[in-house]
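Reader: I should be grateful for a close look at one part of this model, namely the surroundings of the DNA. Please explain each term as it arises.

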Number of protein chains: 2
Amino acid sequence: MVLKHKHDHDACIETALEAAQKICEERETRFTPLRRRVLELVWSKHEPITAYEVLDLLSEGQKRVAPPTVYRALDFLIEEGFVHRIESLNAFVGCSDPAHKHQGHFMICTKCSNVTEMNERSLHDVIEAAAKANGYSYENSILEIAGICENCRN
Amino acid sequence: MVLKHKHDHDACIETALEAAQKICEERETRFTPLRRRVLELVWSKHEPITAYEVLDLLSEGQKRVAPPTVYRALDFLIEEGFVHRIESLNAFVGCSDPAHKHQGHFMICTKCSNVTEMNERSLHDVIEAAAKANGYSYENSILEIAGICENCRN
DNA sequence: GATGACTTGATATTCTATAACATTCAGGGC
DNA sequence: GCCCTGAATGTTATAGAATATCAAGTCATC
């Protein structure tokens with residue numbers, strides 16, 4: 001699924017929050033105010049955001065929070081599949097398909113820093129097959145492709 | 001190409017060093033004693049090794065070197081294609097095919113930490129095709145698959 | 001032997017992440 | 001209601017990974 005560059009961003013955040021809320025109710029996990037707020041902040045920047053950027057935003061207008069506060073919330077959100085970590089950037093992005101837990105596969109634009117999450121089954125299948133061909137059982141995978149997006153090439 | 005678990009490790013290191021030496025002569029880049037030593041240390045642990053582990057080894061029996069010394073050497077080795085960085089581990093491994101510059105695609109065993117570099121053209125092609133299908137030009141990619149290797153499953 | 005480009009040394013700092021322990025909070029059983 | 005328990009958050013300190021900056025050394029070439 002491709003993240004569009006222009007859209008109603010507030011609505012987009014709201015949708016993500018509501019989806020998370022609903023999924024947590026189903027799973028009986030706790031979508032606390034802190035976790036909700038961190039997820040909101042991750043979505044608020046429609047690009048990968050670092051943990052310390054989240055920390056700064058979270059600290060605005062109140063006592064500065066400590067790193068574990070942010071990392072624990074992010075850990076929860078990743079565990080639930082609401083957020084993915086981009087290894088090559090040490091940063092985090094909201095997941096475009098939170099209903100199904102999965103490992104994210106990403107395109108990263110080296111010009112504008114936008115990311116596109118690829119939820120393509122075929123790609124996943126090829127990767128899993130490659131693992132088996134090399135004698136490994138498959139657990140999970142990270143795929144991060146760097147390139148230049150359509151917008152930036154024009 | 002699969003890294004075997006048991007083999008003549010000294011010979012394996014020696015081969016890698018000689019190959020690097022030769023390639024640097026061809027490219028007229030400088031394979032200095034420091035860079036050679038760092039490459040040797042990376043190969044000496046037949047698993048991903050962190051920059052600070054290299055630093056510790058490099059410092060044995062002499063004044064402790066500073067981080068930039070190690071990182072600059074690693075940057076050179078990566079640039080030349082002698083070493084790959086494993087993003088998900090913040091660690092480095094010797095490249096099994098230094099003659100051809102390429103991005104590494106890896107299997108990582110979550111039990112024994114061994115890595116297998118996959119130099120499969122077909123996998124690369126699929127990834128590049130996925131990039132194009134999403135409207136991106138292709139620059140490079142990281143693929144790191146976690147699983148359990150054949151040895152550890154038995 | 002002077003010049004300039006590259007390499008390495010040295011110091012300090014930034015950025016990323018976790019360990020360990022204290023406190024607070026929500027929900028269940030009495 | 002009250003206590004208990006486990007989960008979540010707060011707090012302090014530290015570990016781990018990487019880079020910025022400037023100084024000093026090396027080496028080929030003029």
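Author: In this predicted model, a polar side-chain atom of A:Thr32 lies 2.5 Å from a phosphate oxygen of DNA strand D. This pair is a polar contact, a term for a pair of N or O atoms within 3.5 Å; within protein, one must be able to donate a hydrogen and the other to accept it, and residues adjacent in sequence count only if both atoms are side-chain atoms. A phosphate oxygen of DNA strand D also has a polar side-chain atom of A:Lys63 at 3.4 Å. Chain B, by contrast, offers a contact to a base: a polar side-chain atom of B:Tyr52 is 2.8 Å from a base nitrogen of DNA strand D.

These residues belong to a wider surface. In total, 18 residues surround DNA strand D, and the closest are A:Thr32, A:Arg72, B:Tyr52, B:Tyr71 and B:Arg85. Of the atoms of DNA strand D that come within 4 Å of the protein, 51% belong to sugar and phosphate. A residue is counted as near a strand if one of its heavy atoms lies within 4 Å of it.

The surface near DNA strand D draws at least two residues from each of α2 (33-44) and α4 (67-80) of chain A and α4 (67-80) of chain B. The most comes from α4(B), with four residues. Helices (H or I, at least four residues) and strands (E, at least two) are DSSP runs, numbered from the N terminus. By class, this surface holds seven nonpolar, four polar and seven charged residues. Here Ala, Val, Leu, Ile, Met, Phe, Trp, Tyr, Cys and Pro count as nonpolar, Asp, Glu, Lys and Arg as charged, and the others, Gly among them, as polar.

DNA strand C may be described in turn. Of the 18 residues around DNA strand C, the nearest are A:Tyr52, A:Tyr71, A:Arg85, B:Thr32 and B:Arg72. Sugar and phosphate make up 56% of the atoms of DNA strand C that come within 4 Å of the protein. A phosphate oxygen of DNA strand C lies 2.5 Å from a polar side-chain atom of B:Thr32. Base nitrogens of this strand are approached too: an N or O atom in the side chain of A:Tyr52 is 2.7 Å from one, and the side chain of B:Arg72 places an N or O atom 2.6 Å from a base nitrogen. The surface near DNA strand C receives at least two residues from each of α4 of chain A, α2 (33-44) of chain B and α4 of chain B, and α4(A) gives the largest share, four residues. Its residues divide into seven nonpolar, four polar and seven charged.

Both chains thus take part at each strand, and they also touch one another. In chain A, 35 residues are in contact (heavy atoms within 4.5 Å) with 35 residues of chain B. Eleven bridges join β5(A) to strand β5 (residues 137-148) of chain B, and the two run antiparallel; strands pair if DSSP finds at least two bridges between them. Within this pairing, A:Tyr138 stands opposite B:Gly147 in β5(B).

Some conventions remain. Residues are numbered from 1 along each chain as its sequence is written, while chains are lettered from A and ligands numbered from 1 in the order in which they are written. Local features need pLDDT of at least 70, side-chain atom pairs count only at pLDDT 80 or more, and totals for chains, interfaces and linings use all residues, while side-chain values use heavy atoms, with hydrogens and water left out.
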